[in-house]
Number of protein chains: 2
Amino acid sequence: MIIVIIIERVKAMQKYSKQREMILKSLKNREDHPTAEKLYLDLKKEMPEIGIATIYRNLQILTEQNEILKINGGKESDRFDGNTKKHFHFVCEKCKNLYDVFLEDDKMEQWEKWLENIAKNTIADIQTTNITINGTCKNCKKKEEEIK
Amino acid sequence: MIIVIIIERVKAMQKYSKQREMILKSLKNREDHPTAEKLYLDLKKEMPEIGIATIYRNLQILTEQNEILKINGGKESDRFDGNTKKHFHFVCEKCKNLYDVFLEDDKMEQWEKWLENIAKNTIADIQTTNITINGTCKNCKKKEEEIK
DNA sequence: TTCAATAATGATAACAATTATCATTATTAT
DNA sequence: ATAATAATGATAATTGTTATCATTATTGAA
């Protein structure tokens with residue numbers, strides 16, 4: 001007799017945690033795009049015992065669950081956005097400020113159609129997109145022109 | 001008598017180096033988007049004494065001089081592209097592969113006009129752009145569907 | 001061509017953001 | 001209440017990249 005045991009790695013059941021709830025709530029209630037560090041310092045005020053690892057851990061979990069958006073910060077720290085409504089991000093290469101770029105719904109739809117079309121003609125099937133535009137913001141451009 | 005000495009930090013004159021030339025030539029002659037590490041290992045074959053710091057240093061210099069493109073790799077390593085003709089990059093979130101997305105010139109122009117328009121209506125003056133699209137590539141999507 | 005002046009190099013230390021480890025605590029289903 | 005186990009917080013480890021610094025290479029002028 002041959003007994004075959006199949007052990008399947010099942011996704012662990014998620015348990016509630018105060019910390020995760022706080023992190024999510026905080027991101028939903030603010031308009032900016034804090035780094036993990038910034039969020040840590042802010043939440044520490046309400047819950048002094050919270051650890052930085054918990055912040056990172058939960059930010060990752062929430063990102064995977066599409067409850068929040070992770071904005072790749074490159075050399076700078078990553079930032080997190082509680083607003084999951086589709087929009088672009090604009091990062092000023094000079095001052096490192098991050099701006100939301102919301103499009104009217106029809107424009108966004110147009111963009112997505114366009115992107116889909118690009119995808120069809122190239123190698124990729126684009127499912128989720130996360131567009132960051134780099135450039136120089138108005139303030140910094142102004143400053144540059146004043147120097148000249 | 002008051003003597004005022006104004007010391008102005010002048011941009012240092014750039015001197016030639018074999019290493020920088022090699023790095024640039026290598027990037028211009030390849031189609032992929034190597035990381036600094038990969039480039040280092042490749043160039044070591046031709047010039048065993050080259051150091052990793054030299055690679056990083058020159059990649060930065062060349063990027064600043066717009067001779068090459070630096071592609072922000074986020075948690076992964078940055079990648080470098082010898083092709084400065086405007087195009088997008090598509091990164092597969094699953095396999096981490098990076099694909100070029102070239103647009104016909106008129107499409108790219110259209111995109112830029114569009115972007116400019118977005119910019120006007122929002123906070124930013126977009127000068128240089130560096131668009132990375134994240135998603136799932138055809139191969140990985142196929143694999144996913146096979147599992148289901 | 002030789003000689004400063006100084007930019008570039010290569011080895012390696014330092015750094016900063018993030019992730020892994022692990023003993024302890026909290027949540028959950030029974 | 002209990003047992004199973006997910007989550008926590010402290011901190012060590014990791015990783016990609018940058019800074020430091022003594023040495024070497026390039027350059028323009030004598």
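A crossing is right-handed if the near helix is turned clockwise from the far one by less than a right angle, and left-handed if the turn is anticlockwise. Keep that in mind for the helix close-ups below, and remember that the whole model is predicted.

**Helix 2 of chain B packs against helix 3 of chain B.** The crossing of this pair is right-handed. Helix 2 of chain B covers residues 36-46, and its axis sits 9 Å from that of helix 3 of chain B, at an angle of about 125°. Angles that are neither under 35 degrees, over 145, nor from 65 to 115 count as oblique, so helix 2 and helix 3 of chain B are oblique to each other. From helix 2 of chain B, look for Ala36(B), Glu37(B), Leu39(B), Tyr40(B) and Leu43(B); their partners from helix 3 of chain B are Ile52(B), Ile55(B), Tyr56(B) and Leu59(B). Sort the residues of this contact by class and you get eight nonpolar, no polar and one charged.

**Helix 2 of chain A meets helix 3 of chain A.** Here helix 2 of chain A runs over residues 36-46; its axis and that of helix 3 of chain A come within 9 Å and cross at roughly 125°. That angle is why helix 2 of chain A counts as oblique to helix 3 of chain A. The handedness of this chain A crossing is right-handed. On the helix 2 side of chain A you'll find Ala36(A), Glu37(A), Leu39(A), Tyr40(A) and Leu43(A), which meet Ile52(A), Ile55(A), Tyr56(A) and Leu59(A) of helix 3 of chain A. That contact breaks down into eight nonpolar residues, no polar ones and one charged.

**Helix 1 of chain B crosses helix 3 of chain B.** The axes of helix 1 of chain B (residues 18-28) and helix 3 of chain B come within 10 Å, with a crossing angle of roughly 65°. Helix 1 and helix 3 of chain B are therefore roughly perpendicular to each other. Once more, the crossing is right-handed for helix 1 and helix 3 of chain B. Helix 1 of chain B brings Gln19(B), Arg20(B), Ile23(B), Leu24(B) and Leu27(B) to the contact, while helix 3 of chain B brings Thr54(B), Ile55(B), Asn58(B), Leu59(B), Ile61(B) and Leu62(B). The class tally for this contact is seven nonpolar, three polar and one charged.

**DNA strand C sits against residues of chains A and B.** There are 22 residues around DNA strand C, and the ones that come nearest are Tyr56(A), Lys15(B), Ser17(B), Thr54(B) and Arg57(B). Of the strand C atoms within 4 Å of the protein, 72% are sugar or phosphate. Zoom in on the phosphates: an N or O atom in the Tyr56(A) side chain is 2.7 Å from a phosphate oxygen of DNA strand C, and a polar side-chain atom of Arg20(B) is 3.1 Å from a phosphate oxygen of that strand. Glu49(B) uses a polar backbone atom instead, 3.4 Å from a phosphate oxygen of DNA strand C. Helix 3 of chain A, plus helix 1 and helix 3 of chain B, are the elements that give two or more residues to this surface. By class, the surface near DNA strand C holds seven nonpolar, eight polar and seven charged residues.

**DNA strand D has its own set of neighbours.** Among the 22 residues around DNA strand D, those that come nearest are Lys15(A), Ser17(A), Thr54(A), Arg57(A) and Tyr56(B). Sugar or phosphate makes up 72% of the strand D atoms within 4 Å of the protein, and the rest belong to bases. For a base contact, check Lys15(B): one of its polar side-chain atoms lies 3.0 Å from a base oxygen of DNA strand D. Tyr56(B) goes for the backbone of the DNA, with a polar side-chain atom 2.8 Å from a phosphate oxygen of DNA strand D. Asp78(B) has a polar backbone atom 3.0 Å from a phosphate oxygen of DNA strand D. At least two residues of this surface come from each of helix 1 (18-28) of chain A, helix 3 (52-64) of chain A and helix 3 (52-64) of chain B. The surface near DNA strand D splits into seven nonpolar, eight polar and seven charged residues.

How values were computed. Residues numbered from 1 in each chain as written. Chains lettered and ligands numbered in written order. Predicted model: local features only at pLDDT ≥ 70, side-chain atom pairs only at ≥ 80, totals over all residues. Heavy atoms only, no water. Near = heavy atom within 4 Å. Polar contact = N/O pair within 3.5 Å; in protein donor to acceptor, adjacent residues only side chain to side chain. Helix = DSSP H or I, 4+ residues; strand = E, 2+ residues; numbered from the N terminus. Nonpolar A, V, L, I, M, F, W, Y, C, P; charged D, E, K, R; others polar. Axes fitted to C-alpha atoms, helices over the stretch in contact; angles between N-to-C directions. Contact = heavy atoms within 4.5 Å.
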